[in-house]
Amino acid sequence: MNGQLARTSATVLLVCATSLPAKADNLFSADRALAAPCSGCHSREGLLPPLASRPASELRQALLDFRAGTRDGTLMTRIARGYTPAELERIARQLGRPEQ
Ligand code: HEC
């Protein structure tokens, strides 16, 4: 390996390494991971209502009601029971429209 190539490789490695933390936060945050399965059914192209346009507090209440069994659901009752109430809160904030 000549000197020029070695310097270029080192620079590329350095740039990659310094840009990793920001990308990793963005792609692999715990909140995003918790909410990832939702888009399989609730997407703009899907049959079910998309979640992104809904206020976060509305999603939160719907999820807690499914979990408690006070709102009738089929799949959502089971799905919501797979999360703790605190996790459902985080999911609602991750997916829903932020409120002032
Ligand atoms: C396997 C498909 C599926 C997945 C995955 C799924 N849902 Fe649902 N969702 C449904 C169905 C079906 C309904 C209609 C209620 C029912 O029958 O359970 C629904 C309804 C809802 C509603 C009520 C919508 C409204 O208009 O009031 C909310 C909120 C919701 N889902 C949130 C979520 C969240 C958040 C996730 C991820 C944790 C999720 N869903 C994952 C199928 C799914």
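The exercises below work through the fold, the helix packing, the core and the ligand shell of a predicted model. Residues are numbered from 1 along each chain as its sequence is written. Because the model is predicted, local features need pLDDT of at least 70 and side-chain atom pairs count only at pLDDT 80 or more, while totals for chains, interfaces and linings use all residues.

**Exercise 1.** Determine the secondary structure of the chain.

Solution. Taking helices as DSSP runs of H or I with at least four residues, and strands as runs of E with at least two, both numbered from the N terminus, one finds five helices and zero strands. Read along the sequence, the pattern is α-α-α-α-α.

**Exercise 2.** Describe how α3 and α5 pack.

Solution. First, with axes fitted as lines to C-alpha atoms over the stretch in contact, and angles running from 0 to 180 degrees between N-to-C directions, the axes of α3 and α5 come within 8 Å and cross at roughly 145 degrees. Next, the contact, for which C-beta atoms placed from the backbone must lie within 7 Å, involves Ala56, Leu59, Arg60, Leu63, Leu64 and Arg67 of α3, and Pro85, Leu88, Glu89, Ile91, Ala92, Arg93 and Leu95 of α5. Finally, these residues divide into nine nonpolar, no polar and four charged, where Ala, Val, Leu, Ile, Met, Phe, Trp, Tyr, Cys and Pro count as nonpolar, Asp, Glu, Lys and Arg as charged, and the others, Gly among them, as polar.

**Exercise 3.** Identify the largest nonpolar core.

Solution. Such a core is a set of buried Ala, Val, Leu, Ile, Met, Phe, Trp, Tyr and Cys residues joined through C-beta atoms within 7 Å; a residue is buried if 20 or more other C-beta atoms lie within 10 Å of its own, exposed if 12 or fewer, and partly exposed in between. The largest core has 10 residues, including Ala35, Leu51, Phe66 and Ala80. α3 and α5 are the elements that give two or more residues to this core, and α5 gives the most, with four.

**Exercise 4.** Explain why histidine 42 counts as partly exposed.

Solution. Histidine 42 lies in the loop between α2 (30-35) and α3. The class follows because histidine 42 has 17 C-beta neighbours inside 10 Å. Beyond residues up to four places away in sequence, histidine 42 touches Leu48, Pro49, Pro50 and Leu51.

**Exercise 5.** Characterise the shell around the ligand.

Solution. With nearness set as a backbone-placed C-beta atom within 6 Å of the molecule, 19 residues surround the ligand, the closest being Cys38, Cys41, Gly73, Thr74 and Met76. The shell divides into 15 nonpolar, four polar and no charged residues, and α3 (56-68), α4 (75-81) and α5 (85-95) each supply at least two of them.

Methods
Two residues are in contact if their C-beta atoms, placed from the backbone, lie within 7 Å.
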